[in-house]
Each structure stands twice: as C-alpha cells, then as structure tokens.
Amino acid sequence: MHIRVTPEHRSRELGCGGSLTKLAYYSTVQHKVARVRSFDHSGKDIENEPLYEITVQEEITARLHFIKFENTYIETCLDFIKDHLVNTETKVIKATGGGAYKFKDLIEKKLGLKVDKEDVMTCLIKGCNFVLRNIPHEVFAYQKDSDTEFRFQTNDPNIFPYLLVNIGSGVSIVKVETEDKFEWIGGSSIGGGTFWGLGALLTKTKKFDELLQLASKGQHTNVDMLVKDVYGGAYQTLGLSGNLIASSFGKSTTADKEFSKEDMAKSLLHMISNDIGQLACLYAKLHNLEKIYFGGFFIRGHPVTMRTITYSINFFSKGEVQALFLRHEGYLGAIGAFLKGAEQDNPNQYSWGENYAGSSGLMSTSPDVYPMQRTRSGTFDMLEMDRLERPLVNLPLLKDPSTYIPDTVDLTDDAMARKYWLTCFEEALDGVAKRAAASQPDSMDALERAEKFRQKYWNKLQTLRQQPFAYGTLTVRSLLDTREHCLNEFNFPDPYSKIKQKENGIALKCFHSVIESLDSLDWEERQFALVKGLLAGNVFDWGAKAVSDVLESEPQFGFEEAKSKLQERPWLQDSYNQWLERLKEGPPHKCALIFADNSGIDIILGVFPFVRELLSRGTEVILACNSGPALNDVTYSESLIVTERIAAMDPIIQSALKEEKLLLVQTGSSSPCLDLSRLDKGLAVLVRERKTDLVIIEGMGRAIHTNYYAAFKCESLKLAVIKNSWLADRLGGKIFSVIFKYEVPCQ
C-alpha cells in the first residue's frame, strides 16, 4: 500500500498486491545537526578563545517509509493510515496493484477517501530503476553451495537494458530499455498465487510464510519423478542428469502412500520456480539481454525459491545468463507509485540513502526472526530512505566504475574477519555510548538516549551475526555507517565536536613552527619530512582504540610523539622512492584531489604542509572533506574555518585561495570510509574542469578499509598508518605499520 505525505498537505497513493499490501509514505524528520561558525576575533586576544562556535540546531529532512503487510492485516494497515497519515485536507488516495481493485470499497469506506488507481507496470519499473540507482548492494546472485550464499553485485552506473521478471500472484516479464521506455513482452498465470493457492489445497496451510517453511523442510524427490526413475539413470543421448525432474508430482500417480505436507510443498515450489526460470531464460535469449532481475514478493529472499530459479536459468542458458535478485523486490510497485505521485517534487533529482537504523534487512521476513512483531500486527518488513542534500555520482577518475568495489574485505565471505570485527564493534559500544552522552552535558535525557542508541546498535550487531547479508555485503564500512545512522537516530549528530574544536585550536598554534622547520630543509629532506608528517598526523584517529586509549591517558601526546610511533622504512607497503623519483623527474601535476581524514593535527600539521608544497610546485589542489560528521573526521564546514586561519598565517595558502588554485569541496559523505561511486556531483564536475591528474587518499578508513585496490585513470597516492593490531597482522605487519602506495595507471 502506498501513501505520500508532504509537509504542506497530505495526499495519498496506495499499492496493493494480490497477496500483500505495501504502505509507503513520505515524512519530514526533525533531527539535530551540529553547526560550526567562526567567531569574530577582531580586536580580541584569541590566545585562550575557542577556534569557532559549535551549535546544535534542528534540521528537517525528507524520508521515505515503506512497510509490508500481508493482506490478512489490511484492517490494521488502514487503521494506521487513518490514525497517523490522513487529515481533513486529504481527498484522494492513489492505489496500484490487484489489491487496489479488491479492497477499493473497504479503503473508501474506512478512510473516507476516493481511490485513484495508478498503472501497475509503470510503478514497477520506476521502483526498480530507483533501487538500482540509489541502494548499493541492492542486487545479488544466489549460490546455495558456496560459502557465501548471497553474492552481492557491484553497482553498475549503466543500469539499462534489463529484463524484469515480477512474480506476484502471476508473472509479468518486462523489457526495460531506458527510464521511460519499457515493454511487457510476456508472462504467465502460474506464479506466487498459484503456489499459495495449490499449496493451501494440498497442505491445508493458509499462510504464505508457513507454506514456505514447509517447503524448506521437504524432499521433492519423494513426490517428483526423476529422469533416473524413468530411465534407470542418466539419459546419456540427450545429456540429461538422472537427478533432473522428469515429472513434477509424477510419483503420485503410482504410489499408494500419502505424501507429507513438506514434500508436496517442496515439489510445488520446484515446479513453479522451474517453469518461471525457463520462461525468463527464453525471453532473455530472444531479446539478447544479459541481466535478469527477479522481483515480486513470491521471491521474498527465500533460499529454496532463489536456488531453483538460479539453477533453472543456469541450466537453460548453459551458464551464459545469471539470475539476479533484489533485496527490496517486494517494494518495487510501492516505490514506483510514490515516485509517480510525487513527480511535481521531482524526487529523481536527488540521491537517496538507505537508513540502516530504521530498515529491517534481507531475510527478516522469516516468522522465526520477529514472531512477536508479526503476531501483533503483521508489520514484518520495513525500509527507510533518507533524501540526501545533493546528488551523488561516480568519481570521473575511476578506471572502470562498473567494476569498482569500495571495500577491501567482504566480511560476509570471510568468517574469521567477520567474527573479529563484530566483536570489536561490540566491545567498543559502551565507550561510544559514553562519548555520545558526554558530548551533550546540558541535556537532561542524554544518558537515556545514549542507552537507547547502545541497545539499538547492539541489536543490529546481533542480527548481523545471524544474517551477515542482511543489508548487502557486510564490511567494516557498513558497520561504521550503521553506527552513525543509529547515533543520528537518537540525536547525537557529532559526539566528537568538542574534541575536534580543541584539537584544531591546538594544532593551529603549531602550524607556523612546523612550516618553518620544513622550509629549513633541503628539497629531498623536505619531501620525506612532508610524507612523514602526513603519516604522523594520520595517527590521531579517535576511531582506533589503540590511539584513543593513548589520547585519553596521555594528554601531552603530540605530533613528534606520533612520528616516533611510525614504522621505520622499509614500510609495509613502500613505493616512496618511486614517488620521489616522479617529483624529481616529472612535470608538476595539473591538479591534485586530496581526500582528507581527521581533524586537528592530521589536517593542519599533516595535510596542509603537503598541500602547500604541491601549490609551490604549481599544482592546483582540490581538498575534499566529509559533508557531515563521523568520528573525529574533519567536516567541510570545519575545513573552511581552519583554512581561513591558516591563510592568515601563510601567504602561499592565502594566495592560492584568492586565485582559486586551492579549492575546498564536500564529498557528499558522512562516513569514516569512502565510496568513490557516491560522491557529490559538484566535486565530480570540479575534478573534470580542473583536469585532475593525481588522487591522494589518506587514512585507514579511506585507504585501507576502502579503496586499497581502487584503480584510477591517473596517478594516485594511498597513505595510512595501521592502528589496529589484528588488521596489521592480517596484512603482514605490526601496529603503526605504514602503507604508502604510489600507483601509476597502465598505459
């Protein structure tokens, strides 16, 4: 069922399938954000004054909510709409799907609204395009016999053309060529409704979930006649395996015994899934399409269904076509109906991001996962999407955006790494909650909210222990992002704001002496000192326990102490000599794009001296910082104030700013890691305009947890200090080992 709510008024659209109702609505969410503003220091003694003012303000953002109900609970769904989403201005509710006809009278009577029906197929395609564009790791292949059953696909920026096989009550097969060009090319009346209907007749089981549970426990070979049952083994002439199904339910014609409910449900599921798989494969070959997406709530992430369809596609295409599934397949019509109803707001001009704090993950529809929730209301699956401030695009300098994978380690695949990192995040949780509460000393309910955050994130971690694939590929980045989402959900927008403010102020006082020291060195000594300073600055990471313990217990720990912690050369990854040779022998780079990491010593005493040297060589610099806060990472708004203060001390920086040879931009991200496929569009435009030919990524989150293997069209530098003993050991080093990767693209 689909509903749209706007801040000014409330209009309605509804999407009902033959079996399930999807409720979709738009809301505005008020939450706290941390803002920084430079003080007016004119005529004042600023020695003991804070660098800038921090305020916490209320901000309103747009959020899309999608909830699923079985049609058994349609009355509950309508009660929710009436109580929360309908006001006196509401006259019409728009609906899509077969249920829109079935429940039209009930909806109009219960809500007192006129039902206006939307075109099902248009909504379906709009919804599919939306999730393919906006949700990373939306698409996966199912591999039953591999260690990782769910193999998530890289987001391809070119999503067209594709075949969408939507399995609801029946089956619709649609060829999609562009955003607005699609064609219904076939279908079948044998679909999810057939499975449910025949299953109910055969097993007397009325609930869809229970029928799937029966099927998962059954053995279809007790009911189905196999090739070997007919021929005594494989049919060699036709190359058919003896274990292929020759006749679904074939043994029921000769057997005297009664078959179990489980076996009949399994046989029925195989029969329908095989039929759909073969049909889809034939249409894909006929229209020369390589991508087949299966959607509709019949799939529901159920392993038996996906395995059968995958096997069927692989068998009939001889491995040339892959069956692909969608994490949010059940929402496509509802999402599309919302987008169609909201066209005047042009939602496609924005990028959207999944809010992990409010979304239930893949496989959460199982009645074993949330039995109490299902008993109460039938509300058993939710998706929340937040509208982002600016559109996000690929970094133009990626060598091949279609094969780019941000994350270095797939924790879904690596059981040992998954166990370590989940435990690591669990052990750090109390400290994070304590830090969050301490960041708002004047708030009466900070402790209560911090405890709610702690419980919410703990529950997410337990879900991921049981279902590591719940939100797509599990990575260190997704664990960090989920934590940030949960912090924001309970109004802790920037727990490290005061720490960053203090450390930025302290580091600025040291900037002049660091520059003087660097300028006193000869050229070659200075290049090494600059790199060492960049690495030492990167030690100051409150997200790393080994560092935060030191910073809390040793307040005097500073820049020089950090240098002494660094691994001596040769480093764990060491191409410094090649970098030095490039600087000596090659021309200055046209423009360098630098992704900054931490506030304080990192950006001020590490990054800015390096920036200054590049500018002195005649290289323009684009300095990219996070749009929003994460840990103690520097934000774009903080970088503006810091840069202004540095420019007042340093004529090279001042001149570069004035002549627009040093440009500060936001990344569009609020993560401690870096996904180069989702960057602020303005940054991408600037990179093209300035003919950027050097990418520099610093920090453990951005250059090791992500982008360690990222390939670029231009030269790149990846620098980081490893501040985690387990990770250092994994990479063959020790804590505070150094990564310095200078890479030149193959010609």
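1. Glu384 has a relative accessibility of 13%, so this residue counts as buried, the cut-off for that class being under 20%. The model is a predicted one. Glu384 belongs to strand S17, which covers residues 381-387.

2. The side chain of Glu384 has a polar partner: the side chain of Arg63, at 3.4 Å. Arg63 also appears among the residues in contact with Glu384 once neighbours within four places in sequence are left aside. The others in that list are Leu64 and His65, then Gly353, Glu354 and Asn355, and finally Gly358 and Ser359.

3. Elsewhere in the chain there is an open sheet of seven strands with mixed pairing. Read across, the order is S8-S7-S15-S14-S9-S10-S11. Strand S8 (150-152) and strand S11 (182-188) form the edges, each pairing on one side only. From one strand to the next, the twist averages 30 degrees.

4. One pairing within this sheet can be followed at residue level. Strand S7 (residues 139-142) and strand S15 (residues 322-326) run antiparallel and are joined by two bridges. Phe140 has Phe325 in S15 as its bridge partner.

5. Helix H4, residues 120-134, packs on the sheet. The strands touched by H4 are S7, S9 (162-167), S10 (171-176), S11, S14 (291-295) and S15. The direction of H4 makes about 120 degrees with that of S9.

6. A further helix to look at is H9, which spans residues 303-317. Helix H9 lies across S7, S8, S9, S14 and S15. Relative to S15, H9 runs at about 150 degrees.

7. Is Lys713 buried or exposed? Its relative accessibility is 52%, and Lys713 therefore counts as exposed, since that class begins over 50%. Lys713 is in a loop, with helix H24 (700-705) on one side and strand S25 (715-721) on the other.

8. Which residues does Lys713 contact, leaving aside neighbours within four places in sequence? They are Pro396, Leu397, Leu398, Lys399 and Pro745. With Pro396 there is also a polar approach: a polar atom of the Lys713 side chain lies 3.2 Å from the backbone oxygen of Pro396.

9. A last point concerns Lys713 and Val695, which are 18 residues apart along the chain. The separation between their C-alpha atoms is 9.7 Å.

Terms used. Residues numbered from 1 in each chain as written. Predicted model: local features only at pLDDT ≥ 70, side-chain atom pairs only at ≥ 80, totals over all residues. Heavy atoms only, no water. Helix = DSSP H or I, 4+ residues; strand = E, 2+ residues; numbered from the N terminus. Buried < 20%, exposed > 50% of the residue type's maximum accessible area, 1.4 Å probe, protein only. Polar contact = N/O pair within 3.5 Å; in protein donor to acceptor, adjacent residues only side chain to side chain. Contact = heavy atoms within 4.5 Å. Pairing = 2+ DSSP bridges. Axes fitted to C-alpha atoms, helices over the stretch in contact; angles between N-to-C directions.
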